[in-house]
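Work through the exercises below with the sequence and the coordinates open beside you. Each exercise sets a task and is followed by a solution in steps.

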Amino acid sequence: MLRCHCGRVATLPLPSPTRDAVETWVDDHLGHLFDGPAIGSPAFRGGQRSADAALAAFDVRGYAATRNEVAPIERRGASRLSPYIRHGLLPLPEVWRAVGGGPNRDVEKFRDELLWQEYSRHWYARLGRATTDPVRNAPTDVRPGDGWDRMLPCLNAVVGELEQDGWLVNQTRMWLAGDWTVRHGQDWRRGEDRFFRHLLDGSRAANRLGWQWTTGVGSNKPYGFSRWQVEKRAPGLCKRCPHRDACPIDAWPDEPSFVSVDWPAEIDLTGPDEIVTHAAPDTVWLTAESLGTTDPALSLNPGLPAVFVFDEPLLARLRLDSKRLVFLTETLAELAEGHDLELRLGDPVDELVGRSLAVTHAPVPGFADRASVIRPAEVHPWPWLRQPQPGSVRSFSAWRKKVDRR
Ligand SMILES: Cc1cc2nc3c(=O)[nH]c(=O)nc-3n(C[C@H](O)[C@H](O)[C@H](O)COP(=O)(O)OP(=O)(O)OC[C@H]3O[C@@H](n4cnc5c(N)ncnc54)[C@H](O)[C@@H]3O)c2cc1C
């Protein structure tokens, strides 16, 4: 039996895919990497079946008018596909195709949002860890406790949803980010980390871009959250609020101050645009970026077993909420029903170096670091929605013109 540095067993048994069994498995094998007992999100299940069912059930009709609605929940028009998109269970090109045939206005708006997701991935692949560098909101405050005023029902409900479900509509992400930074002058990077710990779709790409955009760091105008948005997007909430006659967010917040910084040097983590083979692989390495059954390396090597490593040093550092680990484990448990899957716990480099692996390139710095040592035998291109092009990724509109031209 193999053991990692800390003495724990590096090869893990396979979990059964029921929620109870997965929660117990996560407690037993990953319990040292998060706080409290393992509790899955009541709003989302991991796994390809749930991803496919969510996509099949999504009706794009009405999306443009209702995507920003918050409450009551029945008025929300958002697709809730993001946790599956984030982990590669629903690649963007598949989601793009799935809404074809719907009303033009709704299809256009929805596809526009898919392009924002794609842009965030290109942006992150070209800036990597330097995406935290443009700290142009000058932090002036560190609020005690939570960072959000939980006495206000509008904020309390949204933070509660983030912590319990691990998911928020775009509109309430902007409320929380705007309140944190624009109104209270807190460092956007701390808020981004708070989101990242809880979100099932948490990605450094879209999360950082979202925080910067809201804060005004990466956009022309900061998003000033105030009572006005609550009344518009969650009608009725203010009427029941004990602070309705002295609402502390009644007025528009002042413009935050910015510090100008240089645009970071761009890199290129976009990966190959065709399969690169150095030797014949005998195993497929799956990463958290690409856990779907259509993962290119997996689907093009149908006879090979697969391996996934829970990155113990990374998880120990991040201390993600257990919902995310339950979501990932549900996905892997389901995958193991149709594939010969090996699960390991440890540092992916220690666990995988020397093996002959096929992998799908992931356009993120963590993959680049590990792959440069593991040196996979076969690397498959990332399934981009728009092929990366040379040139800066400074603005969405300029980027879009460039990628649309192809
Ligand atoms: C502060 C902040 C933090 C965010 N953090 C994340 C994050 O960690 N991960 C993440 O995937 N998205 C993030 N977003 C973007 C967006 O809020 C979510 O993608 C969206 O709310 C997910 O819900 P949905 O699947 O119902 O979206 P829908 O409205 O149904 O959109 C469909 C898909 O389009 C993409 N999309 C929609 N809006 C955006 C957007 N503004 N930026 C990028 N992609 C978008 C997502 O992949 C989404 O699943 C963040 C936005 C903000 C303002």
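**Exercise 1.** In this predicted model, establish which residues F44 is in contact with once its neighbours within four places in sequence are left aside, and decide whether F44 is buried or exposed.

*Solution.* Begin with the position: F44 lies in the loop between α1 (19–30) and α2 (48–57). Next, list the contacts, which, with the neighbours within four places in sequence left aside, are P83, W167, L200 and F327. Then count the surroundings: F44 has 23 other C-beta atoms within 10 Å, and because the threshold for a buried residue is 20 or more, F44 is buried. Finally, look at a partner remote in sequence: K323 is 279 residues away along the chain, yet the C-alpha atoms of F44 and K323 are separated by 9.3 Å.

**Exercise 2.** Compare the end-to-end distance of α6 with the span expected from its number of residues, and find what covers its buried residues.

*Solution.* The helix α6 has 24 residues, which at 1.5 Å a residue should span 34 Å; the expected span is 1.5 Å times one less than the number of residues. The end C-alpha atoms of α6 are 34 Å apart, in agreement with that expectation. The next step is burial, where the buried residues of α6 include D106, F110 and the run from E118 to L127. The cover over these buried residues includes α3 (63–66), α5 (92–98), α10 and α17 (396–404). Just after the helix, G128 takes a positive phi of about 55°.

**Exercise 3.** Describe the shell around the ligand by its closest residues, its helices, its domains and its residue classes.

*Solution.* Start from the count: 28 residues surround the ligand, and the closest are A78, S79, A206, N207 and G210. Then assign secondary structure, which shows that α4 (82–86), α6 (104–127), α8 (170–183) and α10 (204–215) each supply at least two residues of this shell. At the level of domains, at least three residues of the shell come from each of domain 2 (48–126) and domain 3 (134–246). By class, the shell holds 12 nonpolar, 10 polar and 6 charged residues.

**Exercise 4.** Locate the cis peptide bond between A71 and P72, and examine the positive phi values of R80 and R375.

*Solution.* As background, most residues other than glycine have a negative phi, and most peptide bonds are trans. The bond joining A71 and P72 is cis, with omega about -5°, and P72 is found in the loop between α3 and α4. R80 also lies in the loop between α3 and α4, and its phi is near 65°. With 16 C-beta neighbours inside 10 Å, R80 counts as partly exposed. R375, whose phi is near 50°, lies in the loop between α16 (365–374) and β7 (378–380), and with 15 C-beta neighbours inside 10 Å it counts as partly exposed.

**Exercise 5.** Determine how many residues of domain 1 are in contact with domain 3, and classify the residues on the domain 1 side.

*Solution.* Domain 1 is assigned to 11–42 + 270–380 and domain 3 to 134–246, and their centres, taken over C-alpha atoms, are separated by 31 Å. Across the interface, 8 residues of domain 1 are in contact with 6 residues of domain 3. The domain 1 side comprises 3 nonpolar, 1 polar and 4 charged residues.

Methods. Residues numbered from 1 in each chain as written. Predicted model: local features only at pLDDT ≥ 70, side-chain atom pairs only at ≥ 80, totals over all residues. Domains from an automatic or database assignment. Contact = placed C-beta atoms within 7 Å. Nonpolar A, V, L, I, M, F, W, Y, C, P; charged D, E, K, R; others polar. Near = placed C-beta within 6 Å. Helix = DSSP H or I, 4+ residues; strand = E, 2+ residues; numbered from the N terminus. Buried ≥ 20, exposed ≤ 12 C-beta atoms within 10 Å, placed from the backbone.
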